[in-house]
Amino acid sequence: MASGVGVGIRRGAMAADRFTQVANGLFPDARLPFRAKGIFGYVTRHRSGWQVTIADLVRLGPDGRETVRTG
């Protein structure tokens, strides 16, 4: 995500607007830190076209820029 231009959430048709489906294989994967899984969960709950920056995520949570950046 070099410039952030044209980057955003893309998702297919959903049966309802109150859930997001995530493959179970993502969560037990030991290569991904918990912070990355949490950020992924937050980001994927938004509609197609929604955009976010590291600065936005830092403002939304208590963990600080470096934790969000490395997640």
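Which residues line the second largest pocket? The legends below take that up after a look at the whole chain.

**Figure 1. The whole chain, a predicted model with three helices and zero strands.** Welcome to the overview. Read from the N terminus, the elements follow the order α-α-α. The protein has 71 residues, and 15% of them count as buried. About 5,600 Å² of surface is accessible, and carbon and sulfur atoms account for 55% of that area. Take the contacts between residues at least 6 apart in sequence: 53% of these join residues at least 24 apart.

**Figure 2. Confidence along the predicted chain, with a mean pLDDT of 78 for the protein.** It helps to know how far the predictor trusts each part before zooming in. A score of at least 70 is reached by 75% of the residues. Helix α2, residues 54–60, has the highest confidence, with a mean of 90. The lowest is found in α1, where the mean is 86.

**Figure 3. The second largest pocket, with about 200 Å³ of space.** Here is the reply to the opening question. The lining consists of Arg35, Gly38, Ile39, Tyr42, Leu57, Leu60, Gly61, Pro62, Asp63, Thr67 and Val68. Three elements, α1, α2 and α3 (65–70), each give two or more residues to this lining. Helix α1 provides the largest share, four residues. Sorted by class, the lining holds six nonpolar, three polar and two charged residues.

**Figure 4. Val43, a residue of helix α1.** Is Val43 buried or exposed? Val43 counts as buried because its relative accessible area is 16%, and the cut-off for buried is under 20%. For a distance to check in your viewer, try Val43 and Leu57: their C-alpha atoms lie 9.2 Å apart, while the two residues are 14 apart in sequence. Leu57 also appears in the lining of the second largest pocket.

**Figure 5. Phe34, a residue of helix α1, which spans residues 34–44.** How accessible is Phe34, buried or exposed? Phe34 has a relative accessibility of 72%, so this residue counts as exposed; the cut-off for that class is over 50%. Now follow the chain to Gly71, which is 37 residues away from Phe34 in sequence. In space, the C-alpha atoms of Phe34 and Gly71 are 8.1 Å apart.

**Figure 6. Phe27, in the segment before α1.** Phe27 counts as partly exposed because its relative accessible area is 40%, and that class lies between the cut-offs of 20% and 50%. Which residues does Phe27 touch, leaving aside neighbours within four places in sequence? Phe27 is in contact with Val22 and Lys37. Along the chain, Phe27 and Lys37 are ten residues apart, and 7.0 Å separates their C-alpha atoms.

Key: Residues numbered from 1 in each chain as written. Predicted model: local features only at pLDDT ≥ 70, side-chain atom pairs only at ≥ 80, totals over all residues. Heavy atoms only, no water. Buried < 20%, exposed > 50% of the residue type's maximum accessible area, 1.4 Å probe, protein only. Contact = heavy atoms within 4.5 Å. Areas by Shrake-Rupley, 256 points an atom, 1.4 Å probe, with all protein chains shown as cover. pLDDT = per-residue confidence, 0-100. 1 Å grid on protein atoms, 1.4 Å probe; cavity = no way out; pocket = protein on both sides within 12 Å on 5 of 7 lines; lining within 4 Å. Points joined across faces, edges and corners; volume = space filled by probe spheres on them. Nonpolar A, V, L, I, M, F, W, Y, C, P; charged D, E, K, R; others polar.
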